[in-house]
Amino acid sequence: MRRICKVRLDKGAFHANCGDLLLDSALLNGIELPHDCRSGICGACRLRLVEGKVFGGTQEGSDMIYACQARVVSDLRLVTESVPDTVSLPARMAELTKLAPDVIGVKIELPRPLNYLPGQYCKLQFRGFPERCYSPSYPLEGAPERGVLQFHLRRFPNGAVSAALGEDIRAGHRVRVMGPFGSAHFRPNHAGRIVLVASGTGFAPMWSVAAAAITEEPRRELIFVVAARKLRSFYMHAALCRLALFPNVTIIPVVAEPHHVTAAIRVGRPLDYLPMLSPDDMVYASGAPTMTNEIARLAKEAGAACYTDPFVPNVMPTEAGLIGRLFGGRDGSRKLLEVA
Ligand code: FES
């Protein structure tokens, strides 16, 4: 007969068969644990092991475990990270700004401030349009305004939402803001180096993380690899100039398109310029899934903590459901973005 183990989480307790996968067992028992890749890469399912033992899913020298990889082999006590509650707020579009030919800055005014962690994302539903996931960002210039969220939206010519920006969606348009969601948020009190990697509008959440990290510890070493497809899509220079004023910050701007404008902006892929990682690093990455998955893999190899926010193109509802099932997300925990 299989041994039964008691698993206690701050979200509730349940019984699991010895040998069960912790994540599956929690979900089967109605405990909603965040998860995404189910392969020990993205870090979404990490929990702190306070008591007991698991088989697999551990990291040497750390009490953090991956619920998607860990098998229950004894009674357990675990702690999840606390994140703000998800809310749904009526809001209005306050302002649209062209940041680059294919990137629009959007300001949304809320009836009250939304409590979120830097790096988390929201679902926006403009009235009359389908919902989409976008990350609130720290302002590129100036200070945050109370009750205002800023987003960077990539414009797709046939996008169901982004193509309507400035046309059917203008200042004053009603929008519902749901959130926050996501686990690639800033973790304070990290003594080592912070490495951030962003491609395209993946800059929005990573800039929030950078601002939080530098506010917490202005002298901490921070490396920020920022990539855009084209030079003219490199809309984040004002923000990077602000960040460059801090003594231990290294910024590595990269564009995919070959150019001879300045040697300061490298040519290639963000992965070409990722520094050698070590167990003391904390890595955050946001953008194309191929990039975030590879960074997560390299971070794991190096023993570094890593949190990723992969942008997955939005597709037809049936396909979206399939993606959700393939990746284990119940409510779009994998961030689905506009494409068409
Ligand atoms: S690491 Fe467990 S779900 Fe991604």
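A residue is taken as buried if 20 or more other C-beta atoms lie within 10 Å of its own. In this predicted model, valine 161 has 22 such neighbours and is therefore buried. The residue lies in the loop between β12 and β13, the latter spanning 174-181. Valine 161 and histidine 35 are 126 residues apart in sequence, and their C-alpha atoms are 27 Å apart in space.

The loop that holds valine 161 is best seen against the domain layout. The chain is divided into domain 1 (4-79), domain 2 (87-182 + 333-337) and domain 3 (194-316). Taken over C-alpha atoms, the centres of domain 2 and domain 3 are separated by 21 Å. Their contact draws on 24 residues from domain 2 and 23 residues from domain 3. On the domain 2 side, β8 (87-100), β12 (148-154) and β20 (335-337) each supply at least two residues. Of the elements on that side, β12 gives the most, with four residues. Sorted by class, the side of domain 2 that touches domain 3 has 13 nonpolar, five polar and six charged residues.

We can start the tour of the sheets at the chain's beginning. An open sheet of five strands follows the order β2-β1-β7-β3-β5, and its pairing is mixed. The edges are held by β2 and β5 (64-66); each has a single partner strand, so one side of each is left without a neighbour in the sheet. From one strand to the next, the twist averages 35°. Towards one end of the order, β3 (residues 46-51) and β5 run antiparallel and are joined by three bridges. Here leucine 47 stands opposite isoleucine 65 in β5.

At the other edge, strand β2 (residues 12-17) contains phenylalanine 14. This residue is partly exposed, because 16 other C-beta atoms lie within 10 Å. Its contacts, leaving aside neighbours within four places in sequence, are Val7, Ser25, Ala26, Asn29 and Ile31. Phenylalanine 156, by contrast, is 142 residues along the chain from phenylalanine 14, with 46 Å between the two C-alpha atoms.

A second open sheet brings us back to β12. Six strands make up this sheet in the order β11-β10-β13-β8-β9-β12, with antiparallel pairing. Its edge strands are β11 (132-134) and β12, each of which pairs on one side only. Neighbouring strands are turned by 40° against each other on average, with direction ignored. At the β11 end, strand β10 (residues 121-126) pairs with β11 in the antiparallel sense over three bridges. Leucine 124 stands opposite arginine 132 in β11.

Some backbone details in and after β13 deserve a closer look. Glycine 179 and proline 180 are joined by a cis peptide bond, with omega about 0°. Proline 180 is found in strand β13 itself. Further along, asparagine 189 is found in the loop between β13 and β14. Although asparagine 189 is not a glycine, its phi is positive, at about 65°. The residue counts as exposed because it has 6 C-beta neighbours inside 10 Å, where 12 or fewer is the limit for that class.

Beyond this loop come the strands β14 and β15. Strand β14 (residues 194-199) and β15 run parallel and are joined by six bridges. The bridge partner of valine 197 in β15 is valine 225. Strand β15 (residues 222-228) is mostly covered, with six of its seven residues buried.

Helix α2 (residues 203-216) has 14 residues and reaches 20 Å from its first C-alpha to its last, close to the 20 Å expected at 1.5 Å a residue. Its buried residues are Phe203, Ala204, Pro205, Met206, Trp207, Ser208, Val209, Ala210 and Ala213. An α-helix has 3.6 residues a turn, so residues three or four places apart point the same way. Helix α3 (residues 237-243) offers an exposed example in cysteine 241. With 12 C-beta neighbours inside 10 Å, cysteine 241 counts as exposed, since that class takes in residues with 12 or fewer. The C-alpha atoms of cysteine 241 and isoleucine 251 are separated by 9.3 Å, with the two residues 10 places apart along the chain.

Terms used
Residues are numbered from 1 along each chain as its sequence is written. This is a predicted model: local features need pLDDT of at least 70, side-chain atom pairs count only at pLDDT 80 or more; totals for chains, interfaces and linings use all residues. Domain bounds come from an automatic or database domain assignment. Two residues are in contact if their C-beta atoms, placed from the backbone, lie within 7 Å. Ala, Val, Leu, Ile, Met, Phe, Trp, Tyr, Cys and Pro count as nonpolar, Asp, Glu, Lys and Arg as charged, and the others, Gly among them, as polar. Two strands pair if DSSP finds at least two bridges between them. Axes are lines fitted to C-alpha atoms, for helices over the stretch in contact, and angles run from 0 to 180 degrees between N-to-C directions. The expected span of a helix is 1.5 Å times one less than its number of residues.
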